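User: Please take a close look at one part of this structure, a single turn, and then place that turn among the other elements. I am new to this structure, so kindly explain each term as it arises.

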Amino acid sequence: MCAYTAPSVDTIKALETAPSMYLVLSPELFIITASNLYLDATQTERALIVGRYIFDAFPDNPDTSEANGVKNVKASLDEVLKTKMPHVMNVQRYDVPDTSNPGKFIYRYWDPSHTPVLDEHGEISYIIQLVNNVTDQMVLSKQLAESRFAQEESLLEVNELHNELGVSNQKLKELNVTLEELVQERTLALQKSEEKYRSLIQDSPVAMQVFRGENLTFEIVNDAMLKFLGKTNDIIGKPLIEGVPEIIGQPIVEVLTGVYRTGNSLEILAEEVFLERDGKMEAGYYDVIYRPLYDGEEITGVLGIAIDVTPQMKAQLATQESEIRFRTMAESSGILITTLGVNGEVDYLNKAWIAFSGLTISEFTTMVWTTMIHEDDLVHIGPIYKAALKNHVPFSIEFRLRNFEGIYRWIRLNGAPRFDSNNVYQGFICSGVDFTEEKEQLLKIAQINVALVQANQQLENANEALRRSEENLQSAFNAAELGSCSLDLKTGIAEMSARYRSLYGLPMQGEITWAMVIEALEPEFIDEVNLVMQNAMNYGTPVDSTYAIRHLVTGERRWMRVTGKVSVDEEGNFAQVYAVVMDVTVQKQDEQRKNDFIAMVSHELKTPLTSITGYAQVLHRMAKKAEETSTTGILEKMGLQVKKMSGMINGFLNVSRLESGKIRIDILQFDMHILIKEITEEFFTTTPGHQITYHGEGPITVLADRDKIGHVINNLISNAIKYSSATSAIDISCQVRSTDVLFSIKDQGIGVNSQDLTKLFDRYYRVQGTQTKTVSGFGIGLYLSAEIIQRHGGRIWAESEIGVGSTFYFTIPL
Ligand code: ADP
């Protein structure tokens, strides 16, 4: 099995006892023998290992990953077997089994070498493994390495501290020469850092400078600082007061020197500095920072940094100035001005507030000022105010606020949120004005408005009622076949209902003029109707006129009765006639028949009455002759009654004549004064009871029908007698005026009420009453009088008071 030449016994012996550590291996790597020192070092016995495969005898320590000796030694041996040349290995960790502690290994480092011993054929006879136990050296070197590592670490720490650098460096030098290189590297790095530090200052956009030495020599001054100082870099190397001579006398010099001497850093914010720029002195504001610079423990210089805060300062000063202006303005203002902080707390209020509330500022800020607000208003404005403050939005509120007298005043308060230049919310500014008077006016207006609305509603209701009433009226008009019309007295233009138009045969559409109406009139009534219109226009006399027309279309003769009232315009002029018209043809025909009958009866009665009068006069004369006094008396009374009857019949005949247009007015010039005297004297004799007086002076010359005017005066006097007590006074007067003659007769009789007063002049109209019942009459006297006066172009009217008396008037134009 052994194809090699085993070493001789001597050789083995020699090897076993050699003063080195040998292991002799067969080319198959079985242990042939080991030197005693080897056995000692590996703590084994020869008998236990000889004949065993090397790696069975010396396996790897399974407990450490570092132990890979088997692999390395095998590689070395394989190399030797292949090359047949010796092979020296690096130091190996190759733990040896601990015989006193089975299963455990002893920590070991070796530096093995393998040397082949060749036979005469040049083949490997055996391999000698020479080892040295280098465990101790390895432990030492490891410790050394660890200590180096520790040193490096502390060095790094030390490096971080500038001032300890020198000390660390020195220590490191002492500890290990090799570390000097590192120190040098570090020094280099420091130099670099110094350069970096310089370039950092140099390139900084912030103005920076480094002074060195007691006299503060400019060492580094960056561009920003040069610009700040208004200098060029030739100041570098010069002391401060030489480089910037204008600084002499400024406090900054003291400050800088102080930093240098005391080592106390200094920061001055917004320092005002005057510097020469472009030959001019300029003020600016700078945040200036000075820090001492150390070399070891010694101060060697000062680092100066200047940050230009001029714009900010100017802005701040402007803000302060505006704040002062605001305060001055606010204090002198009568407006209530408050500022609120971010939490809504009052942080300022002006004098106007103090004057209004009577509170001091501290009272105001400590009290809950909302208690001054009227509780009814607080309910409304509270939520608005809170929401505005919460959402930082403007608000405007109106409320009653109690003043120093405890009186509520209306305040209009406007608030606007405040923001700083960075748009950060600062609170509110509020301004309030006392607008009580305005508010009261507004409230009044509101009340008036309400009243107006109500009035409007009432008006609407009234309009509606009016419309309905108009409808009703129209229906009534239609039912009564009445036509309605309004005539503008100025323009003569009439607005007419369809009924009115159809009654006259006027066009059913378009404008109707007074002339068109006149055209329909029977000619004999034109004057009368015009007179009625003139009276309406001049005196506002109500219209009541009955006349005949020819229908403009059919030509048929019809009787119309028009009644109307005159209305007055804003200037008090008679402006409009509102009238209704009815077709009275049938009534007129009936009346005509009646009148004809009365006329006929009156006429027929007149002849026998004349005979009776004649016979009575004959009988009277005969009885007088025969001196039959009783018969004479009876015949006298009979004569009076017959005269009365004849008067009545004449009245009827006159009415009949009037209606048929047979009454003629014969105008003559006469003295009215004489006429009145004649008539009154006749009454003195026939009616001695009444005290009839006439106060008039003649002559009163008029152009009129003497008989007819006499008839009117007669009628008025007999009425005054009839409707007053027997002994009462009757005053008659007649006076000439500018355009007419005015006759009046005043009695102290029963009087007439206002409703009857307008109707007295109507035909057959008699006032119904207990007092008038017993007085005989037919209601035609005043009717005839009125007709006569109207035909003279005059006017007749009456004024009266029940129980006091009446006055009747008429005029005749001169
Ligand atoms: P009569 O024949 O009824 O007196 P008149 O036409 O003369 O008729 O008068 C009409 C009515 O006017 C009278 O019935 C009477 O009621 C009233 N009247 C006339 N004159 C007077 C007067 N002087 N005082 C009171 N009433 C009068």
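Analyst:
**The hairpin and its surroundings**

In the hairpin formed by β13 and β14, where 2 residues lie between the strands, Gly296 adopts a positive phi near 65°. Strands (E, at least two residues) and helices (H or I, at least four) are DSSP runs, numbered from the N terminus. This is a predicted model, in which local features need pLDDT of at least 70 and side-chain atom pairs count only at pLDDT 80 or more, while totals for chains, interfaces and linings use all residues. Residues are numbered from 1 along each chain as its sequence is written, and side-chain values use heavy atoms, with hydrogens and water left out.

The two arms of the hairpin, β13 (residues 280–295) and β14 (residues 298–308), run antiparallel and are joined by 10 bridges. Two strands count as paired if DSSP finds at least two bridges between them. Within this ladder, Leu293 has Gly301 of β14 as its bridge partner. Strands of a sheet pair through backbone hydrogen bonds, in either the parallel or the antiparallel sense.

Further along the chain, an open sheet of 5 strands has the order β16-β15-β19-β18-β17, with antiparallel pairing. Its edges are β16 (346–349) and β17 (395–402); each has a single partner strand, so one side of each is left without a neighbour in the sheet. On average, neighbouring strands here are turned by 25° against each other, direction ignored. Strand β18 (residues 408–419) pairs with β17 over 8 antiparallel bridges, and Glu398 stands opposite Arg412 in β18. Helix α12 (residues 310–332) packs on this sheet, touching β15 (336–340), β16 and β19 (425–434), and its direction makes about 65° with that of β16. Contact means heavy atoms within 4.5 Å. Angles run from 0 to 180 degrees between N-to-C directions, and axes are lines fitted to C-alpha atoms, for helices over the stretch in contact. Helix α16 (residues 436–479) lies across β17, β18 and β19, running at about 115° to β18.

A helix pair follows: the axes of α20 (residues 585–625) and α21 (residues 629–659) come within 8 Å and cross at roughly 155°. That makes α20 roughly antiparallel to α21, a term for angles over 145 degrees. The crossing of α20 and α21 is left-handed, meaning that the near helix is turned anticlockwise from the far one by less than a right angle.

A second open sheet of 5 strands, with mixed pairing, has the order β27-β29-β30-β32-β31. Here β27 (691–695) and β31 (796–801) stand at the edges, each with a single partner strand, so one side of each lacks a neighbour in the sheet. The twist averages 15° from one strand to the next. Strands β30 (residues 740–746) and β32 (residues 805–813) run antiparallel, joined by 7 bridges, and Phe743 has Phe810 of β32 as its bridge partner. Helix α22 (residues 672–686) lies across β27, β29 (729–736), β30 and β32, at about 170° to β27.

Taken whole, the protein has 26 helices and 32 strands. Its C-alpha atoms fill a box of roughly 240 × 85 × 50 Å along the principal axes. The radius of gyration is 76 Å, whereas a compact globule of 814 residues would have one near 28 Å; the radius is taken over C-alpha atoms, and the globule rule is 2.2 Å times the number of residues to the power 0.38.

Technical notes: Angles under 35 degrees count as roughly parallel, over 145 as roughly antiparallel, 65 to 115 as roughly perpendicular and the rest as oblique.
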